[in-house]
Amino acid sequence: MSPPRPDLTPAEFNVLKAPWRRGHASVAEVRAELAGRGTEVAYTTVMTLLGRLAHKGAVVVDRSREPFVYQAAERRESVLSARLRDFVREVFDGKADSLV
């Protein structure tokens with residue numbers, strides 16, 4: 001049995017998209033990507049969110065270089081698939097045909 005996936009807030013999930021797209025990203029790179037998507041976030045806020053993601057095990061931090069680099073711990077497809085299954089189970093009592 002695999003360990004449970006961490007519960008991610010919408011802000012954390014939004015930040016996690018940058019390491020998925022780039023393969024890995026620094027705080028500044030995540031912040032720039034968010035800005036490119038129309039979301040201006042303070043550097044310290046991105047740093048806090050990445051720290052939370054690291055604590056939850058959603059990202060792995062490479063502290064051997066400066067600036068620190070963050071990489072997603074799981075593939076995007078795995079996380080999205082699990083979130084969709086959880087959504088169908090919680091909202092539609094596990095019956096996907098109700099969704100369609």
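This passage walks through the fold, the surface and the charged pairs of the structure shown above.

The model described here is predicted. Its chain contains five helices and two strands, and a reader moving along the sequence meets them in the order α-α-α-β-β-α-α. Measured out along the principal axes, the C-alpha atoms fill a box of roughly 50 × 35 × 20 Å. Among contacts in the chain with a separation of 6 or more, 45% come from residues 24 or more positions apart.

Next comes the division between inside and outside. The chain has 100 residues, and 28% of them count as buried. The exposed area of the chain is about 6,800 Å², with 53% of it supplied by carbon and sulfur atoms. One nonpolar patch on the surface is formed by L84, F87 and V91, which together have about 280 Å² of accessible area. Of these residues, L84 can be placed in helix α4, which covers residues 76–92.

S26 offers a helpful example of a residue in a loop. This serine lies between α1 (10–22) and α2 (27–36). S26 counts as buried because its relative accessibility is 7%, and the cut-off for buried is under 20%. Leaving aside residues up to four places away in sequence, S26 touches P67 and F68.

Charged side chains complete the picture. The chain carries 16 positive and 13 negative side chains, and the centres of the two sets lie 1 Å apart. Side chains of opposite charge can pair when their charged atoms come close. A search of the whole structure finds seven such salt bridges.

One of them joins E33 and R21, with 2.9 Å from N to O. This pair links distant parts of the chain, since E33 belongs to helix α2 and R21 to helix α1, twelve residues apart. The two partners sit in contrasting surroundings: E33 is buried, at 16% relative accessible area, whereas R21 is exposed, at 54%.

A salt bridge also connects the side chains of E29 and R22, at 3.2 Å from N to O. Here E29 counts as partly exposed at 30% relative accessibility, and R22 is likewise partly exposed at 43%.

A further salt bridge pairs R75 with E77, whose closest N and O atoms are 3.7 Å apart. R75 is exposed, with a relative accessible area of 56%, while E77 is partly exposed at 45%. Elsewhere, salt bridges that share partners join R21, E33 and R37 into one network.

Note on methods. Residues are numbered from 1 along each chain as its sequence is written. This is a predicted model: local features need pLDDT of at least 70, side-chain atom pairs count only at pLDDT 80 or more; totals for chains, interfaces and linings use all residues. Side-chain values use heavy atoms; hydrogens and water are left out. Helices (H or I, at least four residues) and strands (E, at least two) are DSSP runs, numbered from the N terminus. Buried means under 20% relative accessible area, exposed over 50%, partly exposed in between (1.4 Å probe, protein chains only). Contact means heavy atoms within 4.5 Å. Accessible areas come from the Shrake-Rupley method with a 1.4 Å probe; for residues, only the protein chains shown count as cover. Lys and Arg count as positive and Asp and Glu as negative; His and the chain ends are not counted. The place of a charge is taken as NZ of Lys, CZ of Arg, CG of Asp or CD of Glu. Patches are made of residues with over 30% relative accessible area and no salt bridge: like charges are joined within 9 Å, nonpolar side chains (Val, Leu, Ile, Met, Phe, Trp, Tyr) within 5 Å. A salt bridge is a side-chain nitrogen of Lys or Arg within 4 Å of a carboxyl oxygen of Asp or Glu.
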